[in-house]
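Hi everyone, thanks for coming. Let me put today's structure up on the screen, and then we can walk through it together.

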Amino acid sequence: MSIQKDLAPNFANSLAIALLIACALAMHPVLAADTATDVAKESASEMAKETPKETMFQAGKSYFARVSDRLADSVTGKSDELINRAMEVIGVRYRWDAELPQSGLDGSSFVGYVFKDKLGFLLPRKSTQMSRVGKPITREELQPGDLVFFNTMRLTFSHVGIYVGDNKFIHSPSKGTSVRVDDLGSLYWDKRFDGARRLDGSDNLGDAERQELLNEVNKLKRKSRSL
């Protein structure tokens with residue numbers, strides 16, 4: 001049975017009660033404020049019982065909406081701090097599928113680590129997923145803190161770095177190297193430049209990718225409570 005059908009009898013009852021109240025108030029106007037408050041409370045209680053609870057997926061979208069609303073201002077207002085934190089990781093060796101400087105960082109985990117450590121913001125694990133967070137911007141629009149992407153494996157958005165200004169970006173390039181600053185205008189990177197994104201709070205992640213991030217958030221919360 002639909003919510004509308006369930007609410008119909010309640011609405012009819014409420015209407016009848018309202019008519020009786022109107023008559024009573026005409027005779028005793030001093031009762032108006034208290035009576036109206038009681039009716040409002042009862043109606044709100046009934047509506048709460050009838051309205052379906054938010055699904056986990058909707059809760060996940062709400063969470064990201066709340067966090068993302070603050071992200072654009074955080075990146076803009078703390079871009080210097082963000083870049084300084086990234087610079088502190090220069091020299092950390094590349095290591096595929098590692099997530100901490102102590103063990104090494106690959107291209108996407110370096111970017112993810114800096115944003116989580118400095119802004120407390122979780123990015124998706126893979127560079128291809130990161131390429132769907134925020135809004136696309138042109139090369140001419142780049143500002144410090146924007147993400148820059150490259151096609152380094154004959155796959156679009158297969159590598160990511162953080163733009164630091166002056167046509168430079170910081171990243172963890174490949175096996176046998178370490179976190180370093182490179183020039184976007186160099187022959188190698190210029191040829192492979194694949195676009196840029198500004199983290200403005202928007203995204204077009206798939207449902208599974210968003211749920212994966214939400215699971216990671218919950219995992220971190222459980223870990224912090226156990227400390």
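I'll talk about the sheet, then the helices on it, then an aromatic pair, and finally the largest pocket.

One thing before we start: this is a predicted model, so please keep that in mind as we go.

Let's begin with the sheet. How many strands form it, and in what order? There are 6, arranged as 3-8-4-5-6-7 in an open sheet with antiparallel pairing. Strand 3 and strand 7, which covers 180–183, are the edge strands, each pairing on one side only. Going from one strand to the next, the twist averages 40°.

Now for some of the pairings. Strand 3, residues 133–137, runs antiparallel to strand 8, residues 193–203, and 4 bridges join them. If you want a spot to click on, try Val-133, whose bridge partner in strand 8 is Asp-203. Strand 8 also pairs with strand 4, residues 147–150, again in the antiparallel sense and over 4 bridges. There, Leu-147 has Arg-197 of strand 8 as its bridge partner.

Over at the other edge, strand 6, residues 168–171, pairs with strand 7 in the antiparallel sense, with 4 bridges between them. His-171 is bridged to Arg-180 in strand 7.

So what packs on this sheet? Helix 4, residues 79–88, does, touching strand 5 (159–165), strand 6 and strand 7. The direction of helix 4 makes about 120° with that of strand 5. Helix 5 packs on the sheet as well, and its contacts are with strand 4, strand 5, strand 6 and strand 8. For helix 5, the angle to the direction of strand 5 is about 50°.

Next, the aromatics. The structure holds 6 aromatic pairs, and I'd like to show you one of them. Phe-150 and Trp-189 have ring centres 4.9 Å apart and ring planes at 65°, so this pair is edge-to-face. Phe-150 sits in strand 4 and Trp-189 in helix 7, so the pair links distant parts of the chain, 39 residues apart.

Last stop: the largest pocket, which has about 540 Å³ of space. Which residues lie nearest its centre? They are Tyr-94, Trp-96, Ser-127, Met-153 and Ser-158, out of 20 that line the pocket. By class, the lining has 8 nonpolar, 8 polar and 4 charged residues. Helix 5 (107–119), helix 6 (127–130) and helix 7 (187–192) each supply at least two of the lining residues.

That's the tour, and I'm happy to rotate the view for anyone.

Technical notes: Residues numbered from 1 in each chain as written. Predicted model: local features only at pLDDT ≥ 70, side-chain atom pairs only at ≥ 80, totals over all residues. Heavy atoms only, no water. Pairing = 2+ DSSP bridges. 1 Å grid on protein atoms, 1.4 Å probe; cavity = no way out; pocket = protein on both sides within 12 Å on 5 of 7 lines; lining within 4 Å. Points joined across faces, edges and corners; volume = space filled by probe spheres on them. Nonpolar A, V, L, I, M, F, W, Y, C, P; charged D, E, K, R; others polar. Axes fitted to C-alpha atoms, helices over the stretch in contact; angles between N-to-C directions. Contact = heavy atoms within 4.5 Å. Phe/Tyr/Trp six-rings, centres within 6.5 Å; stacked < 30°, edge-to-face > 60°.
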